[in-house]
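This report describes the interior, the sheet, the charged pairs and a surface patch of one protein chain. The model is predicted.

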Amino acid sequence: MTAYTRPLAVPPPADASPAPDEDWDAPTLLTLPNPRKLTTSIRATAQVFQDPRSAALLERIRMVAPSDANVLIIGETGTGKELIARHVHDLSRRSSRPFVAVNCGAFSETLVESELFGHEKGAFTGAFAAKTGWFEAANGGTLFLDEIGDLPLSIQVKLLRVLQEREVVRLGSRKSVPIDVRVVAATNVRLQDAVAAGHFREDLFYRLHVVHLALPTLRQRPGDILPLARHFIEEYRQRLGYGAVRLDASAEHKLGEHTWPGNIRELENVIHHALLICQHGVLRAEHLHLSSLHIQRRPAESEAPAQASPQQALETVLRDLFNEPDDQMFEKIEETVMRTAFEFCHRNQVQAAKLLGISRNVLRSRLIRSREISALK
């Protein structure tokens with residue numbers, strides 16, 4: 001099953017009054033397969049990329065998805081981590097192969113090993129037949145391990161071995177089974193803190209952390225709130241058999257002011273309830289019953305410090321460098337930028353050059369000069 005990807009086919013707000021021949025640039029929309037069967041799910045069922053911050057995330061996904069590198073997705077509950085994982089799969093060379101999603105926190109410690117790696121007949125009480133695990137089920141494709149931080153340490157050791165050896169051993173068997181699986185893991189906690197506390201293996205963290213995708217919260221990408229709200233209005237008004245429904249200005253303002261502790265899933269539930277009580281095809285502020293819950297969270301990796309943007313941090317570092325005069329200052333800065341971009345793109349020259357907006361030949365010559373690569377390659 002793959003995520004559906006399409007333009008968001010919800011019209012602009014009624015007060016926008018576009019010209020008859022004007023094209024509306026709809027944002028990209030991701031939805032889970034069969035979202036109407038997931039009404040009791042805590043997962044986000046839709047994702048858009050209208051806000052500049054989420055648009056930047058989408059571009060990063062497009063850059064890293066074609067590789068086979070393991071991916072670690074970090075974001076609060078309800079931000080759409082599974083949708084992002086499915087999109088990574090859809091844009092990879094494995095897109096025609098299985099995508100298997102597993103919630104690591106949904107199984108007891110005694111069952112999780114059997115679920116992940118499979119078991120043979122008689123391996124334990126109740127094992128009346130052999131069973132393949134999720135790794136074998138995803139062979140050739142992508143395995144999404146949600147809430148990876150919930151795995152017991154004993155299973156983390158075995159997972160690390162599977163990722164290193166590219167083979168699984170079913171419970172109760174001595175025979176290994178070769179696998180070809182790309183792992184995309186997700187968590188809503190800071191794994192660095194779990195490593196420091198001894199709850200998560202450091203070597204497994206680095207094995208999973210090849211590519212890092214930080215999902216901003218809904219409050220951090222306000223430009224996505226109204227497009228998502230209009231999508232959910234369209235989705236639920238069709239389920240309810242309603243005619244056209246629009247948001248009035250008061251409702252739009254109220255949606256934009258809310259902090260959304262439950263993220264996309266909270267927004268979906270708010271819109272669903274509002275449609276049940278609104279009248280005359282107009283959804284107003286009084287129809288929006290917003291949560292008063294204020295969850296105190298430690299800043300996640302996806303939340304940059306409020307006091308300094310990356311651009312401001314770079315300017316501060318440069319000023320510090322300028323306080324130490326050097327005849328080769330520019331060359332050293334340029335070399336550092338290109339080398340860092342090269343490593344960021346997993347030593348892919350084409351992707352690094354694209355990221356920096358320069359030609360591959362220019363990048364290659366600088367990398368050779370800095371002895372980062374050999375001139376013979």
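## Nonpolar core

The largest nonpolar core of this predicted model comprises 31 residues. Val71, Ile73, Ile84, Val88, Val184 and Leu213 have the most contacts inside it. At least two core residues come from each of the following helices: H1 (52–64), H2 (81–90), H12 (329–344), H13 (349–356) and H14 (360–369). The strands S4 (71–74), S9 (182–187) and S10 likewise supply at least two residues each. Helix H1 provides the largest share of this core, with 5 residues.

In soluble globular proteins, nonpolar side chains tend to be buried together.

## Parallel sheet

Five strands form an open sheet in the order S5-S6-S9-S4-S10, and their pairing is parallel. Strands S5 (99–103) and S10 (211–214) occupy the edges; each has a single partner strand, so one side of each is left without a neighbour in the sheet. On average, neighbouring strands of this sheet are turned by 20 degrees against each other, direction ignored.

At the S5 edge, strand S5 runs parallel to strand S6 (residues 142–146), and 5 bridges join the two. Within this pairing, Val102 has Leu145 of S6 as its bridge partner. Strands of a sheet pair through backbone hydrogen bonds, either parallel or antiparallel.

## Salt bridges

The whole structure contains 22 salt bridges. One of them joins the side chains of Asp68 and Arg93, with an N to O distance of 2.3 Å. Asp68 belongs to the loop between H1 and S4, and Arg93 to the loop between H2 and S5, so this pair ties together parts that are 25 residues apart in sequence. Asp68 is partly exposed because its relative accessibility is 31%, whereas Arg93 is exposed at a relative accessible area of 56%.

A salt bridge also links the side chains of Asp193 and Arg190, at 3.3 Å from N to O. Asp193 is partly exposed, at 27% relative accessibility. For Arg190 the relative accessibility is 27%, and this residue also counts as partly exposed.

## A helical pair and a charged network

In the salt bridge between Arg237 and Glu234, the closest N and O atoms are 2.8 Å apart. Arg237 and Glu234 lie 3 residues apart in helix H8 (residues 225–240), so about one helical turn separates them. Which of the two counts as buried, given the cut-off of under 20% relative accessible area? Arg237 counts as buried because its relative accessibility is 18%, while Glu234, with a relative accessible area of 22%, is partly exposed.

Elsewhere, salt bridges that share partners connect Asp68, Arg93, Arg94 and Asp180 into one network. The pair of Asp68 and Arg93 described above, at 2.3 Å, involves two members of this network. Side chains of opposite charge can pair when their charged atoms come close.

## Nonpolar surface patch

Leu240, Tyr242, Leu276 and Ile277 make a nonpolar patch on the surface, with an area of about 310 Å². Leu276 is located in helix H10 (residues 263–277). With a relative accessible area of 49%, Leu276 is partly exposed, because that class lies between the limits for buried, under 20%, and exposed, over 50%.

Notes: Residues numbered from 1 in each chain as written. Predicted model: local features only at pLDDT ≥ 70, side-chain atom pairs only at ≥ 80, totals over all residues. Heavy atoms only, no water. Pairing = 2+ DSSP bridges. Helix = DSSP H or I, 4+ residues; strand = E, 2+ residues; numbered from the N terminus. Axes fitted to C-alpha atoms, helices over the stretch in contact; angles between N-to-C directions. Patch = residues over 30% accessible without salt bridge, like charges linked within 9 Å, V, L, I, M, F, W, Y side chains within 5 Å. Areas by Shrake-Rupley, 256 points an atom, 1.4 Å probe, with all protein chains shown as cover. Salt bridge = Lys/Arg side-chain N within 4 Å of Asp/Glu carboxyl O. Buried < 20%, exposed > 50% of the residue type's maximum accessible area, 1.4 Å probe, protein only. Core = buried A, V, L, I, M, F, W, Y, C linked by side-chain atoms within 4.5 Å.
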